[in-house]
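This report describes a single chain, beginning with its secondary structure and strand pairing and then turning to selected residues and ring contacts. Please keep the sequence and the structure in view while reading.

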Amino acid sequence: LWWVADSPAPASAADGAFLLSASGGVRVARGAELLPARADMALQPGDRVAVPDGAEARLGFADDTTRLDLRGPADLRLHRGGRGKKVELLRGVLSADVARQEEAFVVASPHAEFRADQGRLLVEAAPAFARLEVREGAAVLLRPDGRSLRVPAEHYALAGRDVELAARPLVPGEPATGA
C-alpha cells in the first residue's frame, strides 16, 4: 500500500519568463553573478535585467503570449512568471502586450503598482514619477498610500510626490512615452 501526499509542484521553466532577444550590452544579474544576456535565456524570480542606453530587450512567458519590451537605459526585476506574473520596473520604459490573465499582471515601480488583466500598456519609471499609458484594455494604478485609479484605454495617469491622481486622455497621434 502506497500513499502519496499532494505537494505543490516546484516552479518549472513552463511557468517562467524568458529573455527572447537582447541587443549588445544587456546583462542579467542573478544573485552575485552578472550574466551576458542571450536569446532564449530562462529567467528566475529575482533576476534583474539591465538594459544600457541604446540597447533593447524582449521578454516572454512560457504559459502565454504576454511580451515585454525594454528600451535602455532600463532596469527590470522579475518577481514571478506563470500565473500571477509580476515585474518591477526600477527605471526606464517598458512596453507590455499582456495576454488575458487569470490573475492581474503587475508592474511595480518606485511610485506605484500597475495591474491589468490584458491589454497594451506603456510604463515609464523615472526618479520623480511613474507614468502609465493604456493603449488597449484597462489598468489600475495603485499608489503606496492605498489610493487607486482605473485607467481606461487611450488614457494615461501619473504617480509621484504631489501628483494629482487622475486619468487623462492621450492626445491622438501623440508618440508613446520615451519616444
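## Overall make-up

How many helices and how many strands does the chain have? The chain has zero helices and 15 strands, and the model from which these elements are taken is a predicted one.

Of the 179 residues of the chain, 43% count as buried, and the area that the chain exposes is about 9700 Å², with carbon and sulfur atoms supplying 51% of it. When contacts between residues at least 6 apart in sequence are considered, 38% of them join residues at least 24 apart.

## Strand pairing in the N-terminal part

Strand S1, which covers residues 17-22, pairs with strand S6, residues 56-61, in the antiparallel sense over five bridges, and within this pairing alanine 17 stands opposite phenylalanine 61 of S6. S1 is also joined to S4 by three bridges, the two strands running antiparallel, and here leucine 19 is placed opposite methionine 41 in S4.

Strand S2 (residues 27-30) takes strand S3 (residues 33-36) as an antiparallel partner over four bridges, and arginine 30 has glutamate 33 as its bridge partner in S3. The hairpin of S2 and S3 has two residues between the strands, and in this hairpin glycine 31 takes a positive phi near 60°. S2 is further joined by three bridges to strand S5 (residues 48-51), again in an antiparallel arrangement, with arginine 27 opposite alanine 50 in S5.

## Leucine 43 and its surroundings

Leucine 43 belongs to strand S4, residues 41-43, and is it buried or exposed? Leucine 43 counts as buried because its relative accessibility is 7%, which is under the 20% limit.

Not counting residues up to four places away in sequence, leucine 43 touches Ala17, Phe18, Leu19, Val28, Arg30, Val49, Leu59 and Leu78. The C-alpha atoms of leucine 43 and glycine 60 are separated by 9.8 Å, the two residues being 17 apart along the chain.

## Glutamate 113 and proline 144

Glutamate 113 is found in strand S10, residues 113-116, and, at 17% relative accessibility, this residue counts as buried. The side chain of glutamate 113 is joined to that of arginine 115 by a polar contact of 2.6 Å. Residues up to four places away in sequence being left aside, glutamate 113 touches Lys86, Val106, Val107, Ala108, Val140, Leu141 and Leu142.

Proline 144 is located in the loop between strand S12 (129-142) and strand S13 (148-152). Proline 144 is classed as exposed because its relative accessible area is 71%, which is over the 50% limit. Apart from neighbours within four places in sequence, proline 144 is in contact with His111 and Ala112, and its C-alpha atom is separated by 9.1 Å from that of proline 110, a residue 34 positions apart along the chain.

## Rings and charges

How many aromatic pairs does the structure hold? The structure holds zero aromatic pairs, but charged side chains are placed over rings, as the following cases show. Lysine 85 lies over the face of phenylalanine 61, at 5.2 Å from the ring centre, and phenylalanine 61 is the residue of S6 that alanine 17 stands opposite. The charged end of arginine 131 sits over the ring of tyrosine 156, at 4.0 Å from its centre.

Definitions and conventions. Residues numbered from 1 in each chain as written. Predicted model: local features only at pLDDT ≥ 70, side-chain atom pairs only at ≥ 80, totals over all residues. Heavy atoms only, no water. Buried < 20%, exposed > 50% of the residue type's maximum accessible area, 1.4 Å probe, protein only. Contact = heavy atoms within 4.5 Å. Phe/Tyr/Trp six-rings, centres within 6.5 Å; stacked < 30°, edge-to-face > 60°. Lys NZ or Arg CZ within 6 Å of the ring centre and 35° of its normal. Polar contact = N/O pair within 3.5 Å; in protein donor to acceptor, adjacent residues only side chain to side chain. Areas by Shrake-Rupley, 256 points an atom, 1.4 Å probe, with all protein chains shown as cover. Pairing = 2+ DSSP bridges.
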